[in-house]
Amino acid sequence: MPFASCRRRTIGAALFALAAALIGFLSSCSSVPRTLVVAPQIPGATLLGNDQCYYCHTNYSRSFQGNVHFRVRADVEKLPGGTSCESCHGPGSLHATAPRDRAGLIFNPRKDPQACYNCHLDVQLQFRLPQHHPVAEGQMNCVQCHDPHGREIFKPSGGLGMARLNEQCSQCHREQARTFVFEHEANREGCVTCHSPHGSMHAKMLTERDSNLCLKCHSQVQQGAGELWIGKVDHKPLLALGSCWSAGCHTAVHGSNFHPKMLY
Ligand code: HEC
Ligand code: HEC
Ligand code: HEC
Ligand code: HEC
Ligand code: HEC
Ligand code: HEC
Ligand code: HEC
């Protein structure tokens, strides 16, 4: 991941509700890989440590310790509880003494994905791919799918493994995530086995553009030259017509209420 690299970056003022242009802050590259590279700057403020934040923001004091970002710390001298809150919000000393001051004494990223791109540059590139969830367009944001404070980074939290990931998608895509009479077991592996949630080169954000998407799970038996057996059917002539779903065959890729082979 790129934020492991050690280099100085400049961030535009637009990033913050502060007036002046701010300079990216450089941490030492020595310790944990993927330590903080850039943090918001609050002029005149110093780091306090998470324990101070928990004192007033009690709602986060338990849940946040389960979040992956709890482990992210500015590589500075140890402060009580680490400084991971401040890695996204900037140093909090001025805010703590005047919490109701509206003069930008603490940085609130709100729905701005830039706050996340500071560390997740690779994700920014994924959202620039031709097919993507409309985050750059401002119609969606990272915190709809990820909870920066919760015990679990994937929203909604609760549940286990892939079921939980699918639930994340089903908030908005009920049609594909509902239960079917003939379910496609591939869904148990998660929507993300076939879709790249941030972005992809391929239509519908698919991980593969053609029948390879399906062939990676469905055993192919090569019997004679020019044959491709899946189940009891030689698929070779069929695949010449298009992909498994676009050729008008398994159009009900997510599951079917009518046909066990998901033909419709
Ligand atoms: C002394 C109590 C206190 C401490 C300590 C404190 N906060 Fe706050 N914080 C508040 C209060 C009260 C508000 C709500 C202000 C309002 O709504 O006017 C607030 C608001 C915020 C906001 C939202 C600001 C906005 O403009 O929307 C953020 C972000 C925040 N705090 C982060 C932190 C972080 C990070 C720390 C630790 C470095 C911290 N706070 C420490 C009391 C505190
Ligand atoms: C990974 C980055 C990240 C970390 C780490 C983080 N926050 Fe936040 N915080 C955000 C984002 C993004 C928002 C805006 C969320 C939104 O608008 O839905 C936010 C909003 C807030 C708010 C304002 C909530 C509101 O309802 O307006 C407070 C208070 C806050 N954070 C406190 C904290 C505290 C305390 C910690 C450490 C326990 C912390 N944050 C750690 C990213 C982070
Ligand atoms: C200060 C740097 C920093 C910022 C800012 C930041 N992250 Fe992270 N994030 C990390 C690190 C470090 C990890 C852990 C990477 C790892 O262990 O693979 C991580 C991991 C993640 C993961 C992966 C969890 C997993 O289990 O693989 C998600 C999702 C994530 N961050 C989302 C966000 C979102 C959304 C924001 C903005 C609200 C954000 N991050 C802001 C540093 C940051
Ligand atoms: C549509 C929901 C959705 C949105 C919007 C979204 N993510 Fe994700 N993100 C996911 C899912 C699902 C995964 C898990 C992918 C997997 O396991 O293959 C993930 C994984 C991640 C990871 C860990 C894996 C990696 O690719 O590095 C990071 C970091 C991350 N997201 C950051 C972000 C940031 C930053 C944003 C906003 C710019 C964002 N995400 C917006 C659904 C989303
Ligand atoms: C917060 C709502 C939301 C969540 C959660 C969400 N999506 Fe989406 N999704 C959208 C929106 C909005 C679009 C764009 C629709 C459009 O352009 O017509 C979209 C588009 C898509 C498309 C492309 C549809 C097309 O016609 O090209 C796919 C595939 C998709 N999402 C899969 C997923 C998967 C997989 C997940 C879970 C990791 C997920 N979505 C989570 C809102 C969401
Ligand atoms: C086995 C692979 C696979 C899995 C698993 C999968 N999808 Fe799809 N999905 C596809 C294919 C292939 C298409 C394109 C269908 C088409 O173009 O007719 C698609 C299309 C979509 C679309 C666009 C719908 C449209 O009408 O254009 C959405 C939204 C979507 N999937 C969401 C999901 C969600 C949510 C999940 C998890 C519950 C999921 N998918 C699981 C393969 C899959
Ligand atoms: C993650 C692995 C995986 C992927 C990817 C996958 N499938 Fe499946 N599929 C399964 C499993 C598991 C079953 C149930 C066991 C079986 O019948 O092979 C299944 C069953 C089927 C069935 C019913 C077979 C029968 O005889 O009842 C069809 C049709 C099917 N898949 C088509 C597709 C198509 C089309 C794609 C690509 C869009 C695809 N699959 C991608 C795992 C996958």
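This is a short walk through the structure, from the overall fold to three ligand surroundings and two unusual backbone spots.

Let's begin with the whole chain, keeping in mind that the model is predicted. The protein chain has 264 residues, and buried residues make up 20% of them. Its secondary structure comes to 10 helices and 8 strands. If we take the contacts in the chain with a separation of 6 or more, 54% of them join residues 24 or more positions apart.

Now for the ligands, starting with ligand 2. It is surrounded by 19 residues, and the closest of these are Cys53, His69, Cys85, Cys88 and Pro148. Two elements each give two or more residues to this shell: helix H1 (50-56) and helix H2 (84-89). H2 supplies the largest share, with 5 residues. Sorted by class, the shell around ligand 2 holds 9 nonpolar, 8 polar and 2 charged residues.

Next comes ligand 6, which has 16 residues around it. Look for Cys169, Gln176, Ala186, Cys191 and Cys194, as these come nearest. Here the elements that contribute two or more residues are helix H7 (161-170) and helix H8 (174-177). The shell around ligand 6 is made of 8 nonpolar, 7 polar and 1 charged residues.

Our last ligand stop is ligand 7, with 19 residues around it. Glu185, Ala186, Cys214, Cys217 and Cys244 are the nearest of them. You may recognise Ala186, since that residue is also listed among the nearest to ligand 6. By class, the shell around ligand 7 divides into 10 nonpolar, 5 polar and 4 charged residues.

To finish, let's turn to the backbone, where two residues are worth finding in the viewer. Arg110 is not a glycine, yet it has a positive phi of about 50°. You will find Arg110 in the loop between helix H3 (93-97) and helix H4 (114-117). Is Arg110 buried or exposed? Arg110 counts as exposed because just 9 other C-beta atoms lie within 10 Å, and the cut-off for exposed is 12 or fewer.

The second residue is Met205, which has a positive phi of about 55° and is likewise not a glycine. Met205 sits in the loop between strand S5 (199-200) and helix H9 (212-215). What about the surroundings of Met205? This residue has 21 other C-beta atoms within 10 Å, so it is buried; the cut-off for that label is 20 or more.

Notes
Residues numbered from 1 in each chain as written. Chains lettered and ligands numbered in written order. Predicted model: local features only at pLDDT ≥ 70, side-chain atom pairs only at ≥ 80, totals over all residues. Near = placed C-beta within 6 Å. Helix = DSSP H or I, 4+ residues; strand = E, 2+ residues; numbered from the N terminus. Nonpolar A, V, L, I, M, F, W, Y, C, P; charged D, E, K, R; others polar. Contact = placed C-beta atoms within 7 Å.
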